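Please open the model in your viewer and keep a selection panel at hand, since each stop below says what to select next and then what is found there.

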Amino acid sequence: MAINYREKIITLWTVFLLGTLFHTQLGLMPLFHGLNVVESQPATSLNQLSGIFWLMLGFFMLPMLAMIGTAFTENKRYRVIHFGLTVFYGIMNLMHLVLDLLLPQVIWYQIVLMVLLFLIGLLLIFVGYQWMRSPLSRQNQSQTNISIPFN
């Protein structure tokens, strides 16, 4: 049975994104119970937060684009770029975890979730590395990019 790295990578990115969404939802849940949430940057208008929102959008979009790219190509250059992306996300997750451990009030259920996300990220790095190092399959060499027939 052939190892399908692409399926594993897409699955891990999907689980990672779901976990990240749940991490955000957990942070907002106190609002539904009439409690305040921890503010990382106080603001009085949405314009003051637009930079953070754009960064969050990018943080969510890159894995979505990586999943699409992984589904439709397997060339070596993409594999290397993808591996770099997984390492970047691993570093970002570790930094986020450490910074949350340094907060005055540590929210342990969030820490547990972030540890799980970090471990998923390590697995993603490992599988991405394996995929980067594996040879291109002969069967897929002709199917590495999207092709649109013109008759």
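Helices and strands are taken here as DSSP runs, with at least four residues for a helix and at least two for a strand. With that in mind, select residues 107-129, a span that is 96% helix and 0% strand, with its end C-alpha atoms 33 Å apart. Bear in mind throughout that this is a predicted model.

**The whole chain**

Now show the whole chain as a cartoon: there are five helices and zero strands, so that, by the DSSP assignment, the elements read α-α-α-α-α from the N terminus on. Colouring by accessibility will show that buried residues make up 32% of the 151 residues, while the surface that the chain exposes comes to about 10,700 Å², with carbon and sulfur atoms supplying 70% of it. If you draw a contact map, consider the contacts between residues at least 6 apart in sequence, of which 80% join residues at least 24 apart.

**The annotated spans**

Next, select residues 12-32, 52-73, 80-101 and 107-129, which an unreviewed UniProt entry annotates as "transmembrane region"; such annotations may be inferred rather than shown by experiment. Within this selection, residues 52-73 are 95% helix and 0% strand, and their end C-alpha atoms are separated by 31 Å.

**The nonpolar core**

Which residues touch the most other members of the largest nonpolar core? Select Ile9, Trp13 and Phe16, which hold that place among the 19 residues of the core. Helix H1 (5-28), helix H2 (50-72), H3 and helix H4 (108-133) each supply at least two residues of this core, and H1 gives the most, with seven residues.

Stay on Trp13 and display its surroundings: leaving aside neighbours within four places in sequence, Trp13 is in contact with Pro63, Ala66, Met67, His82, Leu85, Thr86, Tyr89 and Leu124. Two residues of that list, His82 and Thr86, make the next stops.

**His82 and Thr86 in helix H3**

Select His82, which is placed in helix H3 and counts as buried because its relative accessibility is 2%, under the 20% cut-off. Not counting residues up to four places away in sequence, His82 touches Ile9, Trp13, Ala66, Thr70, Gly128 and Trp131, so that Ile9 and Trp13, already visited as core members, appear again within the 4.5 Å contact limit.

Then move along to Thr86, also placed in helix H3, which runs over residues 76-101. Thr86 is buried as well, with a relative accessible area of 1%, and its contacts, once neighbours within four places in sequence are set aside, are Trp13, Leu124 and Ile125.

**Leu117 in helix H4**

Select Leu117, a residue of helix H4. Is Leu117 buried or exposed? At 6% relative accessibility Leu117 counts as buried, and beyond the residues up to four places away in sequence it touches Phe16, Gly19, Thr20 and Asn93. For a distance to draw on screen, take the C-alpha atoms of Leu117 and Gly90, which are 9.1 Å apart in space although the two residues are 27 apart in sequence.

**The salt bridges**

How many salt bridges does the structure hold? There are two, and selecting Arg6, Glu74 and Arg79 brings up the network of salt bridges that links these residues. In one of them, the side chains of Arg6 and Glu74 meet at 3.3 Å, N to O; because Arg6 lies in helix H1 and Glu74 in the loop between H2 and H3, this pair ties together parts that are 68 residues apart in sequence. The side chains of Arg79 and Glu74 also meet in a salt bridge, at 3.6 Å, N to O.

Check the accessibility of these charged residues too: Arg6 is buried, with a relative accessible area of 15%, Glu74 is buried at 6%, and Arg79 is likewise buried.

**The nonpolar surface patch**

For the last stop, turn to the surface and select Trp54, Leu57, Met61, Leu62, Met64, Leu65, Ile68 and Phe72, which form a nonpolar patch with about 800 Å² of accessible area together. One of its members, Leu57, is found in helix H2 and counts as partly exposed because its relative accessibility is 39%, a value that falls between the 20% and 50% cut-offs.

Conventions. Residues are numbered from 1 along each chain as its sequence is written. Side-chain values use heavy atoms; hydrogens and water are left out. Buried means under 20% relative accessible area, exposed over 50%, partly exposed in between (1.4 Å probe, protein chains only). A nonpolar core is a set of buried Ala, Val, Leu, Ile, Met, Phe, Trp, Tyr and Cys residues joined through side-chain atoms within 4.5 Å. Patches are made of residues with over 30% relative accessible area and no salt bridge: like charges are joined within 9 Å, nonpolar side chains (Val, Leu, Ile, Met, Phe, Trp, Tyr) within 5 Å. Accessible areas come from the Shrake-Rupley method with a 1.4 Å probe; for residues, only the protein chains shown count as cover. A salt bridge is a side-chain nitrogen of Lys or Arg within 4 Å of a carboxyl oxygen of Asp or Glu.
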